[in-house]
Amino acid sequence: MAGVTRVTGVRVYDVGQGDAVALLDQDEAPFLQIDYGGRQGNPFAVRGAQRIDKTMPVRPGSLLVLTHWDEDHWFSARRGGAARQATWLVPRQLTSPRAVMFSADLDEIYCVPEKWVGNAKCFVASNGDAFWWEKIGSAPRPPASHEDCNLTGLACSIVRAEDKSVILLPGDAPLHAVGHYKQYLGGAHLLRGLVAFHHGSKSDWNRTTRHLLRGFAARSPTFDIAFSCANPNPYNHPHIRNYLEAAPRATAHVTANLRSVGRSSIDILF
Ligand SMILES: [Zn+2]
């Protein structure tokens, strides 16, 4: 976070079905990227690589945190050029041969040690705003044939120092699976924003996730929820009603709907 004096929020890009979220610095410019996905229904199919780099700029050597190895979280990096020059921080997971080949094409890549599972880490801006990230579950020991990578990847959040307001960035992990989110409920934190996990899927949605969201919603006057998915998609994402039942005062935004008004992203600012 060198040179970052405060974190102003996040930019959630329309990548079709997938996630790509940038953290914004004091000038509302991206300085750290979380995921760089989008395959089905992505808006870059026609004009390709240059448009990806221009729409979702990534500075060489800046940090790119990959929540997990599903292609809808990294596929745009394979097509564009900028994201491959970032420094990647990734989870150890069972993944596809295509993901392995892609990883070999990155300039710099670091794997989170398994001994850090459940142990949230943070990077801090000069004013105390914090970016938290946590590997939420252990990778299976080899030889392994299956892994639910939504439950063993990285989940993130940002906390503004000034008023302890929070933006949750869980990737595809359900809220209840992220250890450090539970600590926010016990404190005086307010929810400012949320990127719905797993593109607004209702799988992994359970009583604990609902309870967590209700707890936050009850004491947060208003907040934004971004649903990052294609329209249409074969999974019937997003299930907005689940969220609005738990948090009636929240405002929902669907990234795919941005295209009809000529926009490529939505900002959630503190
Ligand atoms: Zn996904």
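Ala130 stands opposite Val159 in strand β9. This pairing belongs to a predicted model. Strands β8 and β9 run antiparallel and are joined by 6 bridges. Strand β8 also has a partner in β7 (residues 121–124), again in the antiparallel sense, over 4 bridges. Here Lys121 stands opposite Trp133 of β8. The hairpin of β7 and β8 has 5 residues between its strands, and Gly128 takes a positive phi near 100° in this hairpin. Strand β8 spans residues 130–135, and 5 of its 6 residues are buried, so β8 is largely enclosed by the rest of the structure.

Strand β9 leads to the nonpolar interior. The largest nonpolar core holds 74 residues, of which Val10, Leu23, Leu64 and Cys156 touch the most other members. Strand β9 (residues 154–159) gives this core its largest share, 5 residues. Leaving aside residues up to four places away in sequence, Cys156 touches Ile34, Val65, Phe131, Trp132, Trp133 and Leu169.

Helix α5 covers residues 207–219, 13 in number. From first C-alpha to last it reaches 19 Å, close to the 18 Å expected at 1.5 Å a residue. Its buried residues are Thr209, Leu212, Leu213, Phe216 and Ala217. Why do they lie on the same side of α5? They cover an arc of only 125° around the axis, which puts them on that same side. An α-helix has 3.6 residues a turn, so residues three or four places apart point the same way. On the other side of α5, Arg207, Arg214, Ala218 and Arg219 are exposed. The cover over the buried residues of α5 includes α4 (179–186), β11 (190–195) and α6 (240–246).

Methods. Residues numbered from 1 in each chain as written. Predicted model: local features only at pLDDT ≥ 70, side-chain atom pairs only at ≥ 80, totals over all residues. Core = buried A, V, L, I, M, F, W, Y, C linked by C-beta atoms within 7 Å. Buried ≥ 20, exposed ≤ 12 C-beta atoms within 10 Å, placed from the backbone. Helix = DSSP H or I, 4+ residues; strand = E, 2+ residues; numbered from the N terminus. Contact = placed C-beta atoms within 7 Å. Expected span 1.5 Å × (residues − 1). Arc of directions from axis to C-beta. Pairing = 2+ DSSP bridges.
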